Amino acid sequence: VGQRAMAAYLTHQQRVLRLYKKALRHLESWCIYRDKYRYFAVLLRDRFDKNKDVKDMVKATQLLRAGEEEFWANQHPQPYIFPDSPGGTSYERYECYKIPEWCLDFWHPSEKAMYPDYFAKREQWKKLQRESWEKEIKQLEEETPADGPKTEALPPARKEGHLPPLWWQYVTRPREIPM
Amino acid sequence: MEHTLLLNTSVLLTLMIILTPILLPLTSKNFQNSPTTITHTVKTAFLMSLVPTTLFMYSGSESITSHLEWKFTTNFKIPLSFKMDQYSLMFLPIALFVTWSILQFATWYMSTEPHITKFFSYLLTFLIAMLTLTTANNMFLLFIGWEGVGIMSFLLIGWWQGRAEANTAALQAVLYNRIGDIGLILSMTWLALTMNTWEIQQAFSHTQAPTLPLLGLILAATGKSAQFGLHPWLPAAMEGPTPVSALLHSSTMVVAGIFLLIRTHPLLASNQAALTLCLCLGALSTLFAATCALTQNDIKKIIAFSTSSQLGLMMVTIGLNLPQLAFLHISTHAFFKAMLFLCSGSIIHNLNGEQDIRKMGSMQKILPTTTSCLTIGNLALMGTPFLAGFFSKDPIIENLNTSYLNTWALLLTLMATSFTATYSLRMTVLVQTGSTRMSSTTLTNENNQAIINPITRLALGSITAGLLITSYTLPTKTPPMTMPMSTKTAALLVTILGIALALELSNMTHMLTHPKQNTPLNFSSSLGYFNPLTHRLSSTNLLHTGQKIASHLIDLSWYKKMGPEGLANLQLMAAKTSINLHTGLIKTYLESFALSILIIILSLH
């Protein structure tokens, strides 16, 4: 709601904002103490704000390019990466415990008998999934444009009583920290 | 006489106690391992191993058990011969003590892990392999232990196998260790060919050895103990959980290479070239690792490089022909390094996985016990007088100063000692002091017996171990007694210099100058550019050569140049040279006839 779909290129505003955030994060990696960081962050913000109202796109693009080069020269060799972000220390750490839900179908009946109501309820959900699969595929085929989908976002359910397409994958996704 | 029986019995009993959690589930159906049973097993084994150690200290009795053989087939048998001399008898209780503390800590650290019993069994298997390595009297048994610790290291570093970096780090460890194994197998082959035995008694009583097998042993130690050249796997091994780093990559596995050199020191003692190589390699490793540790921001990496640096120092001691002092450093180092890792594990878990020291601060107020023990560990590491590190580090520096060996190695080692103080103080200041830089909503709780007990036990060990071990073991070589005051206090002076440097640099970080990249920072941060240079250049060259061989050698050369195309080229060349003769003039043809008839007449003549 109110979100633009991703295009194949970045707008100037997006690029400037990305440069600003990258610069701030690397500044945070350089200036460890908070007061020193705040001092230099305010100076950096002022440098960005001075050129905020440049209307000439050529000049603005040149300024952006100069900014990117200055960033590259001054970046931190070991920037601070949050532990769960890509490249962080605990990224994908629990990936080996994220088992897909279809493995439950391969349990031995004696093991399944240990949780009878769970598996009974699961059979109902699977029946629902089988019934709504055709309708989801039909909706996706209707809504995808002829030369391939433009965006990765899935559409919501359009008709009364239908479920959103590919809901089963979302509902049965593994937990973030599967413990 | 009765000492020997008691010694042998208690040692074998200790080793059997360790094997129980592996063997019992195989024999009885109802027995289930659990983390607490494994911890208690190792604790029992530690208490049991104090018996032979005290026996050794008071009566000097050593023991060698030979020719128990485990026959697999007629030709293939594993000779189970154990050597209980001062090295293995001292190492046994220390390794068991450190492992007990780490296992107790791991019951808290890995409590949310689904396969925690498997983790503990892996650690136990590693311990068995390590003890096999240290008590082995036969090179084959040592090799079994050597490979065993390598494999367990691979399995434990890649414990979280869903993570790509953990898998590459585990592979890195295995491959670098493999390169070292080439050296070990080379030396074992030489031993088998010349001495016809692999028993340490028979092989190493011979005092002269050519340089090649010694180079093989040094290569093995370089691979296993992460000396410069084969070192990148040790910082990468920090991908494993913290108990793994504490046990394997600080106290026990990485000292296996140095232990090998200690066991084989009779061969090394006579060969001055090999000793000099050890000295220079060790000095280079210790300085390089200390330089890299200066700019690291991940707390585990700082401690990993610190381990690498201390291993270089142990190699320097081997190069000075002082194996007993190297072993003393191994023993004291085990205590405070394991404690440093456990303290860092406590901090990391309490901060919900945060490992970057730029986001820690004022831990003294938040986690008092942990940070006090961190400080004790750092002081012991720096060689503070009369803590554990002092009794091993100071004699090494004194011996280095008063020997007539390589001055360059001396300088490097002294610089590395001062850098040790610098990065330890940097870590302490950024982690413990100042105002907090972590998120204020994290709840921290260190008030758990499973954290406090191991860390304080190891702290007690770090303070008293040096004193205890030196008081109860006799030195085999006389330490240098007389030296000028400046030489005697050299280690202390450079440490104080390092502390002053660290304090000055931390003052500079508070001043309002914008920090920038500069060449020394880049060198240190990217670990000396070693990783990309070796990992990328050599493998791309190898792959390119392989591609050239596959495409050019077979396809181009054999099928084309050697066969039809080559023949055609030869023909063409011959035709081009003789084309001038085909002029169409009769005189030229008559001349060629005459020439050929003349040649035939002359040759038949």
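The following dialogue examines helix packing, domains and annotated spans in a predicted model.

Visitor: Why are α1(A) and α2(A) called roughly antiparallel?

Guide: Helix α1 (residues 12-30) of chain A packs against helix α2 (residues 34-50) of chain A at an angle of about 160°. Angles over 145 degrees count as roughly antiparallel, and α1(A) and α2(A) are therefore given that description. Their axes lie 10 Å apart, and the crossing is right-handed.

Visitor: Which residues of α1(A) and α2(A) meet?

Guide: From α1(A) come V16(A), L19(A), Y20(A), A23(A), L24(A), L27(A) and E28(A). From α2(A) come R34(A), Y37(A), F40(A), A41(A), L44(A), R45(A) and F48(A). By class, this contact has 11 nonpolar, no polar and three charged residues.

Visitor: What makes E28(A), R34(A) and R45(A) charged residues in this count?

Guide: Glu and Arg count as charged, together with Asp and Lys. Tyr, by contrast, counts as nonpolar, so Y20(A) and Y37(A), both part of the contact, are placed in the nonpolar class.

Visitor: How do you know that α11(B) is roughly parallel to α14(B)?

Guide: The axes of helix α11 (residues 256-263) of chain B and helix α14 (residues 299-319) of chain B cross at roughly 10° and come within 10 Å. Angles under 35 degrees count as roughly parallel, which makes α11(B) roughly parallel to α14(B). The contact joins I258(B), L261(B) and I262(B) of α11(B) to L311(B), M314(B), M315(B) and I318(B) of α14(B). Its classes are seven nonpolar, no polar and no charged residues.

Visitor: Why are α3(B) and α15(B) also described as roughly parallel?

Guide: Helix α3 (residues 86-109) of chain B and helix α15 (residues 323-350) of chain B have axes that cross at roughly 0° and come within 11 Å. The limit for roughly parallel is an angle under 35 degrees; α3(B) and α15(B) are therefore roughly parallel to each other. Their contact comprises 18 nonpolar, seven polar and no charged residues.

Visitor: What makes R178(B) and D181(B) contacts of E147(B)?

Guide: Contact requires heavy atoms within 4.5 Å, and E147(B) touches R178(B) and D181(B), leaving aside residues up to four places away in sequence. E147(B) itself is found in helix α5 (residues 139-157) of chain B. E147(B) and F56(B) are 91 residues apart in sequence, and their C-alpha atoms are 29 Å apart in space.

Visitor: How are chain A and chain B divided into domains?

Guide: Chain A has domain 1 (12-74) and domain 2 (95-172), with C-alpha centres 45 Å apart. The assignment for chain B gives domain 1 (1-439 + 446-513) and domain 2 (563-604); 80 Å separate their C-alpha centres.

Visitor: What does UniProt place on chain A, and what is the helix content there?

Guide: An unreviewed UniProt entry gives "domain: Complex 1 LYR protein" for residues 14-72 of chain A. Over this span the chain is 85% helix and 0% strand, with end C-alpha atoms 18 Å apart.

Visitor: Which features does UniProt list for chain B?

Guide: Among them, in an unreviewed entry, is "domain: NADH-Ubiquinone oxidoreductase (complex I) chain 5 N-terminal" at residues 70-120 of chain B. That span is 57% helix and 20% strand, and its end C-alpha atoms lie 27 Å apart. Also from an unreviewed entry, "domain: NADH:quinone oxidoreductase/Mrp antiporter transmembrane" is listed for residues 136-417 of chain B. Residues 136-417 of chain B are 75% helix and 0% strand, with end C-alpha atoms 33 Å apart.

Conventions: Residues are numbered from 1 along each chain as its sequence is written. Chains are lettered from A and ligands numbered from 1 in the order in which they are written. This is a predicted model: local features need pLDDT of at least 70, side-chain atom pairs count only at pLDDT 80 or more; totals for chains, interfaces and linings use all residues. Side-chain values use heavy atoms; hydrogens and water are left out. Axes are lines fitted to C-alpha atoms, for helices over the stretch in contact, and angles run from 0 to 180 degrees between N-to-C directions. Helices (H or I, at least four residues) and strands (E, at least two) are DSSP runs, numbered from the N terminus. Angles under 35 degrees count as roughly parallel, over 145 as roughly antiparallel, 65 to 115 as roughly perpendicular and the rest as oblique. A crossing is left-handed if the near helix is turned anticlockwise from the far one by less than a right angle, and right-handed if clockwise. Domain bounds come from an automatic or database domain assignment. UniProt positions are given in the numbering used here, feature names are shortened, and annotations may be inferred rather than shown by experiment.
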